[in-house]
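Trainee: I would like to go through this chain with you and ask, at each step, what a given term rests on.
Mentor: Gladly; let us look at it together and set values against definitions.

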Amino acid sequence: MNSVDMANDLINRAKNLQLFEVERDIRDNGIFFDGSVPFDIRANQETAWFKVYAPSKEDAEKQVDDWLSWRV
């Protein structure tokens, strides 16, 4: 794959991203939302809602879960 094909592939993937909202229960997790966060987050003491750009809902959920797994 040459550089033009790689650039076109990257542009097409970016065009196909959608905005998903992922909800997670954060009670008793000891999660701290400090520093740089790769998502828009709304949270209360029990629930957090993450707005994530991804190609699918499953990928959006995986991104949130991966990020949360190292925050605990």
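Trainee: In what order do the elements of the protein chain run from the N terminus on?
Mentor: The model is a predicted one, and in it the order from the N terminus is α-β-β-β-α, which amounts to 2 helices and 3 strands in the protein chain.

Trainee: How does the radius of gyration of the protein chain stand against that of a compact globule of 72 residues?
Mentor: The globule would have a radius of gyration near 11 Å, whereas the protein chain has 15 Å. The spans of the C-alpha trace along its principal axes, about 50 × 20 × 15 Å, can be read beside that value. As for burial, 22% of the 72 residues are buried, and of the roughly 5400 Å² that the chain exposes, carbon and sulfur atoms supply 49%.

Trainee: Why is Ala-60 called buried?
Mentor: Buried means under 20% relative accessible area, and because Ala-60 has a relative accessibility of 0%, Ala-60 counts as buried. This residue lies in helix α2, and, leaving aside neighbours within four places in sequence, Ala-60 is in contact with Phe-20, Val-22, Val-52 and Ala-54. Its C-alpha is also 8.1 Å from that of Glu-21, although the two residues are 39 apart in sequence.

Trainee: What makes Thr-47 buried, given a relative accessible area of 15%?
Mentor: The cut-off for buried is under 20%, and 15% falls below that limit, so Thr-47 is classed as buried. Thr-47 is found in strand β3, residues 47–54, and its contacts, again without neighbours within four places in sequence, are Glu-23, Arg-24, Ile-26 and Arg-42.

Trainee: How do you know that Glu-21 and Arg-42 meet in a salt bridge?
Mentor: The rule asks for a side-chain nitrogen of Lys or Arg within 4 Å of a carboxyl oxygen of Asp or Glu; the N to O distance here is 3.4 Å, so the pair qualifies as a salt bridge. The pair links distant parts of the chain, with Glu-21 in strand β1 (residues 18–25) and Arg-42 in strand β2 (residues 40–43), 21 residues apart.

Trainee: Why are Glu-21 and Arg-42 called partly exposed?
Mentor: Partly exposed covers what lies between buried, under 20%, and exposed, over 50%. Glu-21 has a relative accessible area of 36% and is therefore partly exposed, and Arg-42, at 45%, therefore counts as partly exposed too.

Trainee: What does the salt bridge between Asp-65 and Arg-24 tie together?
Mentor: The closest N and O atoms of Asp-65 and Arg-24 are 2.8 Å apart, and Asp-65 lies in helix α2 (residues 57–69) while Arg-24 lies in strand β1, so the pair ties together parts 41 residues apart in sequence. Asp-65, at 35% relative accessibility, counts as partly exposed.

Trainee: What makes Arg-27 and Asp-25 a salt bridge?
Mentor: Their closest N and O atoms are 2.8 Å apart, and since the limit is within 4 Å, the pair meets the rule. Arg-27 is partly exposed at 43%, as is Asp-25 at 41%. By this rule the count comes to 4 salt bridges.

Technical notes:
Residues are numbered from 1 along each chain as its sequence is written. This is a predicted model: local features need pLDDT of at least 70, side-chain atom pairs count only at pLDDT 80 or more; totals for chains, interfaces and linings use all residues. Side-chain values use heavy atoms; hydrogens and water are left out. Helices (H or I, at least four residues) and strands (E, at least two) are DSSP runs, numbered from the N terminus. The radius of gyration is taken over C-alpha atoms; the globule rule is 2.2 Å times the number of residues to the power 0.38. Buried means under 20% relative accessible area, exposed over 50%, partly exposed in between (1.4 Å probe, protein chains only). Accessible areas come from the Shrake-Rupley method with a 1.4 Å probe; for residues, only the protein chains shown count as cover. Contact means heavy atoms within 4.5 Å.
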